[in-house]
Amino acid sequence: MPDLFKLVLQLTVILAVCRVVGSLFRRIGQPRVVGEMFAGILLGPSLLGWLAPGASAYLFPATSLGFLNALSQIGVVVFMFLVGLGINPKELKKHGHAAVLTSHVSITAPFVLAAFLALYLYPRLSDDSVTFTSFALFMGSAMSVTAFPVLARILIERGLLQSRLGTVAIASAAVDDVTGWCILAYIVVLTRAAHSGRSIWMTIGGIVVFALIMIYGVRHLLARLESAYRKRGELSENLMASMLLLVLGSALCTEWLGLHLLFGAFMMGAIMPKEQKFVRYVLDRFETITVTLLLPLFFAFTGLRTNIGLVKGAEMWRYCGLIVLIATVGKLGGSTLASWLTGMRLREAAGLGTLMNTRGLMELVILDIGLDIKVISPALFSMMVVMALVTTFMATPLLGWFCPDRVLLEESHRIPSQEPAIRTLASPSADRISA
Amino acid sequence: MSHTNRNFILAYTFLVALPVLGLVGILKSGRSLTAPISVDGMWQLQADAVRLAALPCGKTLAENPDTALVISQSGKNFTLSLSNDPKSTGSGELDGTTLRASLAPSAAWSDDAGCGTGRELSLVAKVDPKADPRSLVGVLSVNHCPECRAVEFQAVRQSPPVRKGPH
């Protein structure tokens, strides 16, 4: 039985600290979510446990963390459903070659660089219970992810959501996330199958059957939800409950198949109908409680697992610096190069690269899985959390620097004849959107 | 094939397809790398209770035969604590198959076991990487105590890490 007093006390402290730190970060022009991620670190062994170990041990005793983790995981399940819901494959088609090349390069560049870095880090930060392939693939998928929700938030705050920069960024981030999660799924399946003794082919076969059922069966069922919404302008409580049951059922299926709860929730969101008003309606119903109550618990739980104290000494900080550098060069550099080649001006392309370099919450979710299946060590986990914070934190100021309002205004009035020859790669539709 | 499509294919080949081939090469060359031996997990300690009780700081360990050493590893470095006293923490380093670590007893344990201020338990052990489950053989001693006799111990890993993966 959980100690109810302790659990409610934990919730109160976590929510209060997240709100305060989130508001402080808003004042310096950062998205609230960055502040909340930082708040989680403050509550963990990196600050509270270091400054006041007695208070930390009283507030977060090891025996109570299981309940906190369970609550936070429910929050992340719903969050991943919402992330999947926000992804619209049609967005990618709109931008043709531009988004395809940008998104694929923004995956391969950080992925390959991360695997290269893994050659250096594996003998130093891993151990022989992890194979190099698992380690390198995990590093690659963790470095190539983009925080789709944070990116969308920054675009909305800058009024860029409908610009070419915004739409290509959203489409590319969607592809990044889907690809990143597929690679992560592969690693989780192999790791768990090796441990459980279950045949890998049984697991993969099960996942393929599950995906087919979702795409060709459940998706049609979900279309009925959308028609019900169109008829009445709202969904009844029963229909909302059914939707939630489907999310939880899907999450349970992927967990049972040897994958992870989060993949099922993400997939359910991805196959939901994408009519804008319907998506907004569902988001409104789920978002408030998830973002204000459940996600801060996840930040706190991640913060409790992050111990910056493990990154001690010049050598460890050098590894950490290398991780931040490689992640930034791969993601920001790769996306910038590809989008410049597909027709964007250099500043706008760098703005897109900056947006793609935002890792935020998605990174923390992936890192948590990596630590759970023990593909990464606690010290590497802490370094990667630092990388997630730094790359997310740098997004807003860098975007303002690369793309001040006058640049975006010029971009919107730019005539196609001024474009260099290599811009023939750009999709004509992309230009129409920016006009 | 249109000019746009040709450019796209060229760019895609250089920026996506070739790096993917590079990735395959990296994964192949990485297979020859060796990482430090895994010591992560819980280790059940076995030592002579009488000699352990005679060792300053060893009394609590002697009185709690179920005590396990909890090791959390990050490459060559690791932190350790005791399963029944998480406040007793320490850190150490792995050099090949040799572990060297020190463990600072918590205040409660220190008072109870008469450690005295500034004293820590020191642990030097060898891992047998071929044993399944892995085992440790080594000595426990107390630093700043030249008159204290080191106590030999053995430990067997209880919960091997769940990781493994593709080769």
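**View 1. Contacts of Ala169(A) in the predicted model**. Leaving aside residues up to four places away in sequence, Ala169(A) touches three residues named here as Leu151(A), Leu155(A) and Leu352(A), together with Leu355(A) and Met356(A). Ala169(A) also belongs to the largest nonpolar core, which holds 151 residues, and is among the four members that touch the most other members, along with Met139(A), Ala265(A) and Met384(A).

**View 2. Helix H6 of chain A and the largest nonpolar core**. Helix H6 of chain A, which spans residues 89–125, gives the most to this core, contributing 17 residues. A second core, separate from this one, consists of 29 residues and includes Cys57(B), Leu61(B), Ile71(B) and Leu136(B).

**View 3. The fold of chain A**. Chain A contains 19 helices and 0 strands, and buried residues account for 54% of its 435 residues. When contacts in chain A between residues at least 6 apart in sequence are considered, 81% of them join residues that are at least 24 apart.

**View 4. The contact between chain B and chain A**. The contact draws 36 residues from chain B and 44 residues from chain A. On the side of chain B that touches chain A, the elements giving two or more residues are helix H1 (3–30) and strand E2 (68–74) of chain B, and the largest share, 15 residues, comes from H1(B). By residue character, this side of chain B divides into 18 nonpolar, 14 polar and 4 charged residues.

Definitions and conventions. Residues numbered from 1 in each chain as written. Chains lettered and ligands numbered in written order. Predicted model: local features only at pLDDT ≥ 70, side-chain atom pairs only at ≥ 80, totals over all residues. Core = buried A, V, L, I, M, F, W, Y, C linked by C-beta atoms within 7 Å. Buried ≥ 20, exposed ≤ 12 C-beta atoms within 10 Å, placed from the backbone. Helix = DSSP H or I, 4+ residues; strand = E, 2+ residues; numbered from the N terminus. Contact = placed C-beta atoms within 7 Å. Nonpolar A, V, L, I, M, F, W, Y, C, P; charged D, E, K, R; others polar.
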